[in-house]
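Please look over the sequence and the model below before reading on. The notes that follow are grouped by topic.

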Amino acid sequence: MATDKRLAGEESTTLLAAKDLSGAISRTPEELANIVSLFAMSDGWMDKVRLRAERRWYERLYHGPDHDIWAISWLPGQSTGFHDHGASSGGFVVATGILEEQRPDEGARVIYPGKPQAFGPGYTHDVRNVSLAPAISIHAYSPPLSEMNEYELDGSRLVLRERASGTAETLDQKWRVQRGEPVDRTGALNIEQMLSAARARLRRLSPDEAYEAVAKTAAILVDIRPKSQRAIEGSIAGALVVERNVLEWRFDPASDTRLPVATDHDLQVIVFCSEGYTSSLAAAALKDLGLCRATDMVGGFHAWRATGLPIMPPRRASQDRSC
Ligand SMILES: [Fe+2]
C-alpha cells in the first residue's frame, strides 16, 4: 500500500522509536498522533472506507511490528461505549465530520477534524458521533491493539462489563470488518436496501451526463461533502456547496431558509458526494420534498475526477461557495 510505504519512509526520519523494558519497540502517544495525522493526509485509504447503518464500520489498514492503523466510519448516533485499549497507547484524528469524546468524570468535548488526540495505556473513553453527518477517523495503537475492555458507567464509576469467556476480547474478534449483514428487525431496512430503494427512484447521471446537463440546461450541480473532505479531495468549479445537514432546508421552496435559486419544484438538482452513496439518499430526500427531477451523480467526485473532467485541486477547496 502506497500509504504504508510513505509512512515507513517518513517514520525513519521524522519519528523516534523507543524500546520498552522488554525490548519491544513502542511509539509514544505523541508519535502516534503524528502517525495518524500523516496517514489521514495520505492518498488511497479513503476509497476503502464504507458506511454501515447496523454498527460502526472499521478496518485495520496497516499492521506493523510496533503499531497498527485503523479507519473507522461513524454514522450519526453511532458510538463505542466506554472502553480501554489494553496495554496500548493510542492516537486518533478525525478526517471528516465531527466526533465527541466522553471521559469518566469529565464533560464531553468535541473532536474537530485535523486535531490529533493521543493517550497512554489504560486510557478509557467513549467516542460517538452526535452530529447529523457521517464522520471518518484514523486511529493508531502501539503496541498493535490486541485487547480491549468494555465498561459501563455506574454513576461516575466505570464498571468492567462481564464477558462469558472471562477473557479479554481481541480486536480482531470484536472489530472484524462488517459486510452489510441484514438487520434482524421486522420491517426495518438495512443500508443496502435503503440505498437500492433510493436509487430505484432516481435516473442517475454519469459524470459526463452531469457535466452536459449543467452546461446545456438550468441544472445545478450540488456538492454535499463536508468542508474537511473537500479540503482533502478538491472541488468542482461552479458546483454549489450545500452540506448534507442543511440540504433539505436550502432546497425546499417553502422553507424560510431556502436558497434564492430554490423557487421551483422543477429545479433539476444533481447532488454529488465523494463516491456516490450518500448522494443517492440525499437526492431521494429532495424527491420527498417534491423536487421531482432531483438526482445524483454516479461515483461522485472520485468518478468525476477519474473521467478527466475539470476539478479544483485541494489547496483551493476552501475558496468554494458554501451555502
Ligand atoms: Fe478508543
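**Briefing: metal site, cavity and strands**

Both His 83 and His 85 are buried. The model is a predicted one. Those two histidines also belong to the protein donors of the iron ion, and His 83 appears again in the lining of the largest cavity.

**The iron ion**

- Three residues supply the protein donors of the iron ion: His 83, His 85 and His 125.
- Each of these histidines uses its NE2 atom, and the donors lie 2.2 Å from the ion.
- Along the chain, the donors follow the spacing H-x1-H-x39-H.
- His 83 and His 85 count as buried because the relative accessible area of a buried residue is under 20%.

**The cavity**

- The model has one cavity of 30 Å³ or more.
- About 60 Å³ of space lies in the largest cavity.
- The lining of the largest cavity has 12 residues, and the closest to its centre are His 83, His 125, Val 127, His 139 and Tyr 141.
- By type, the lining residues are seven nonpolar, five polar and no charged.
- Strand 4 (68-74) and strand 11 (135-142) each give at least two residues to this lining.

**Strand 11 and its partners**

- Strand 11 is largely enclosed by the rest of the structure, because eight of its eight residues are buried.
- Ala 135, Ser 137, His 139 and Tyr 141 point one way from strand 11.
- Ile 136, Ile 138, Ala 140 and Ser 142 point the other way, and the residues of both groups are all buried.
- Strand 4 runs antiparallel to strand 11, and seven bridges join the two.
- In this pairing, Trp 74 stands opposite Ala 135 of strand 11.
- Strand 6 (residues 89-96) is also antiparallel to strand 11 and is joined to it by seven bridges.
- Thr 96 has Ile 136 of strand 11 as its bridge partner.

**The three-stranded sheet**

- Which strands form the open sheet, and in what order? Three strands form it in the order 8-7-10, with antiparallel pairing.
- Strand 8 (109-111) and strand 10 (126-128) are the edge strands, each pairing on one side only.
- On average, neighbouring strands of this sheet are turned by 30 degrees against each other, direction ignored.
- Three bridges hold the antiparallel pairing of strand 7 (residues 99-102) with strand 8.
- Leu 99 has Ile 111 of strand 8 as its bridge partner.

Note on methods
Residues are numbered from 1 along each chain as its sequence is written. This is a predicted model: local features need pLDDT of at least 70, side-chain atom pairs count only at pLDDT 80 or more; totals for chains, interfaces and linings use all residues. Side-chain values use heavy atoms; hydrogens and water are left out. Donors are N, O and S atoms within 2.8 Å of the metal (3.2 Å for Na, K and Ca); water is not among the atoms, so sites may look incomplete. Buried means under 20% relative accessible area, exposed over 50%, partly exposed in between (1.4 Å probe, protein chains only). Two strands pair if DSSP finds at least two bridges between them. Helices (H or I, at least four residues) and strands (E, at least two) are DSSP runs, numbered from the N terminus. Axes are lines fitted to C-alpha atoms, for helices over the stretch in contact, and angles run from 0 to 180 degrees between N-to-C directions. On a 1 Å grid over the protein atoms alone, a cavity is a set of points where a 1.4 Å probe fits but cannot get out, and a pocket is an open set with protein on both sides within 12 Å along at least five of seven lines; lining residues have an atom within 4 Å of a point. Grid points are joined across faces, edges and corners, and a volume is the space filled by probe spheres set on the points. Ala, Val, Leu, Ile, Met, Phe, Trp, Tyr, Cys and Pro count as nonpolar, Asp, Glu, Lys and Arg as charged, and the others, Gly among them, as polar.
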